[in-house]
Amino acid sequence: MIGQLALRNLTYRPWRSVLMFFGFGVGVAVMIVLLSIGEAMLTQARQEKLVGGGTITVLPEGLDVEVMKTGGIGGLFFSIDHASFLYRQALASPRYAKEVSAVAPQIEGRLLYLRTTGGTEYAVHASGEIPDESRAVGAAPEVVRGKWANDDGDRKWVAPTPLELRNEIDHFHIPGDSVANRDTWAEWHYFNVIAGGGKRWAFISFIVGGDVTGAKWGGQIGITLREQGGSTRRFAQNVAKSRVRFSTSDANLVFGDSRVTILPDGDYAVRASAPEENGHGRISIDLRVHPEPYAYFPGVSMSSGGFVSGYVVPALRAEATGSLCVDSVCEQFASAQSYHDHNWGVWRNVTWDWGASRAGQYTFLYGRVYPPDSSMSVPPVLFYLTDSLGFQAVFRPTTISYEDNRTVRVANATVRVPSRATLFDARGNDTLRVDLRVEDAIGTDTRPAGERGNPVAGVRAHPYFIQMKGIATLSGRVNGVPLTGSGTGFFETYR
């Protein structure tokens, strides 16, 4: 009887019956989907390899979340390079204080090995968090006993003092076992300072050279004074290794009576004395270099085979106060434009393009290293931009367009060098253009004395190291905001 009534109703009002069947089917389908989502959420909530808390999870680009959960080969060694820098200058920076209320770094499911004093080794499934930050994003675990709070190591990771930050990124290094030609290993603190309305400047280097793991190494102080369009004076002092002190845990460097010291407020005290090369003068420098907050580059290191090249900029934008004395005639500096970086690696037959400049409220850095092994691919230029709030953007121009319309004399040779240069890049809606106008240039023949002028011995494609000073003009757009500004900077290349 019921079947007959249903059939009669279907034949009497077929379209109404179809609509009712469709509505009932949609309702059942929606219920199935909701139940499936609820089941999935419940499963994920119980999944120990998923990180909880917060509203956004930041992972390395291209990482498959399922691979991370299941421990596949693609997620075995994943990590976020310079995670502390990203935390301080991107995610938790003052720039995004209105949008981001809390950020928590977390590591889940890492394989570690624990070795006891008795020599027994255990595989350990480990996780890591910073307690106060995890609590702020609602991801803190329930503590049933004891105290779970930030310790001093957590504080240094999240918010180091200026002194701790300098020592963290600006310390010295020991060449690893893979480094070839350790006798060419070199590492140095470099400073520059501009005076005289931008018409005079000094390059100051404290260089540790040679195989520091052996007996044949030492130090050298190198200082170059330059008058724009005028004379160049060079000063140098070799320092025996017994009078050199450097550290892999702090940035302080001692060269006998000369030294670089990190002060408690994070400033650099730079003191140096050296005689003039091919002359009778002597220079003495006593400077205090103050880095601007947030204006630093955390560092990069590249290696292939035995080649290693590392670079960090603790003071991309800085001011120098103090004195520079030559032949007992002293010049005083007060908040003069300054800069400091740190390099390490093996440097035989290595060349590069490099530049750092102010551009109004912005400060930028660019660079590219050409390794001695010609089979290695040459990466695009790394262009790093900051403002008063720190890191602003990264661009990757493929080329630097030089116009070689100037000449300089290097020993007995006349070398054509850049008069202008241009960098351009576009990344999504962000664009960059930098125009460099060279006001002064000097060159150095990097070949050993026996190779210079000899077409047979040690042919090098670009033996002349060119140091330039000029004006940089910045234009483009980042995050919808126009980039504008110009300022003085230094640039380097090879010819």
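**Note on the predicted model**

1. Nonpolar surface patch. Ile 56, Val 58 and Leu 91 together make a nonpolar patch on the surface, with an area of about 290 Å². The model is a predicted one, and this patch should be read with that in mind. Of the three residues named, Leu 91 can be placed in helix 4. Its relative accessibility is 35%, so Leu 91 counts as partly exposed.

2. A salt bridge between two helices. Helix 4 also carries Arg 88. The side chain of Arg 88 meets that of Glu 168 in a salt bridge, with an N to O distance of 3.3 Å. Arg 88 sits in helix 4 (residues 83-91) and Glu 168 in helix 7 (residues 162-170), so the contact ties together parts of the chain that are 80 residues apart in sequence. The two partners differ in cover: Arg 88 has 12% relative accessibility and counts as buried, whereas Glu 168, at 35%, counts as partly exposed. The cut-off for buried is under 20% relative accessible area, which is why Arg 88 falls in that class.

3. Salt bridges in total. How many salt bridges does the structure hold? The count is 23. Some of them join into a network, and one such network links Asp 152, Arg 155, Lys 156 and Glu 164.

4. Glu 121 and Arg 115. These two side chains form a salt bridge, at 2.8 Å from N to O. Glu 121 is partly exposed, at 44% relative accessibility. Arg 115 has a relative accessible area of 60% and is exposed. Exposed means over 50%, so Arg 115 passes that limit, while Glu 121 lies in the partly exposed range.

5. Asp 257 and Arg 243. A further salt bridge joins Asp 257 to Arg 243, with 3.9 Å between the closest N and O atoms. The limit for a salt bridge is within 4 Å, so this pair is included. Both residues are in loops: Asp 257 in the one between strand 8 (253-255) and strand 9 (258-262), and Arg 243 in the one between strand 6 (232-240) and strand 7 (244-245). The pair is 14 residues apart and links distant parts of the chain. At 68% relative accessibility Asp 257 is exposed; Arg 243, with a relative accessible area of 46%, is partly exposed.

6. Positive phi angles. Which backbone angle deserves a check at Asp 327? Phi of Asp 327 is near 55 degrees, which is a positive value in a residue other than glycine. Asp 327 belongs to the loop between strand 13 (307-326) and strand 14 (329-346), and at 41% relative accessibility it is partly exposed. Ser 335 also has phi near 55 degrees, again positive in a residue other than glycine. Ser 335, however, lies in strand 14. Its relative accessibility is 44%, and Ser 335 counts as partly exposed.

7. Cavities. Rolling a probe the size of a water molecule over the atoms shows where empty space is left. Searching the whole structure gives three cavities of 30 Å³ or more. The volume of the largest cavity is about 110 Å³. It is lined by 15 residues, and those closest to its centre are Gln 337, Ser 338, Tyr 339, Ala 356 and Ser 357.

8. Lining of the largest cavity. Which strand gives the largest share of this lining? Strand 15 does, with four residues. At least two lining residues come from each of strand 3 (185-195), strand 13, strand 14, strand 15 (351-359) and strand 25 (481-494). By type, the lining of the largest cavity holds six nonpolar, seven polar and two charged residues.

9. Trp 352. Strand 15 also holds Trp 352. At 18% relative accessibility, Trp 352 counts as buried. The C-alpha atoms of Trp 352 and Thr 493 are 5.9 Å apart in space, although the two residues are 141 apart in sequence.

10. Lys 216. Is Lys 216 buried or exposed? Lys 216 is exposed, with 76% relative accessibility. Its place is the loop between strand 4 (200-210) and strand 5 (217-227). From the C-alpha of Lys 216 to that of Asp 183 the separation is 7.7 Å, and the two residues are 33 apart along the chain.

Note on methods: Residues are numbered from 1 along each chain as its sequence is written. This is a predicted model: local features need pLDDT of at least 70, side-chain atom pairs count only at pLDDT 80 or more; totals for chains, interfaces and linings use all residues. Side-chain values use heavy atoms; hydrogens and water are left out. Buried means under 20% relative accessible area, exposed over 50%, partly exposed in between (1.4 Å probe, protein chains only). Patches are made of residues with over 30% relative accessible area and no salt bridge: like charges are joined within 9 Å, nonpolar side chains (Val, Leu, Ile, Met, Phe, Trp, Tyr) within 5 Å. Accessible areas come from the Shrake-Rupley method with a 1.4 Å probe; for residues, only the protein chains shown count as cover. On a 1 Å grid over the protein atoms alone, a cavity is a set of points where a 1.4 Å probe fits but cannot get out, and a pocket is an open set with protein on both sides within 12 Å along at least five of seven lines; lining residues have an atom within 4 Å of a point. Grid points are joined across faces, edges and corners, and a volume is the space filled by probe spheres set on the points. Ala, Val, Leu, Ile, Met, Phe, Trp, Tyr, Cys and Pro count as nonpolar, Asp, Glu, Lys and Arg as charged, and the others, Gly among them, as polar.
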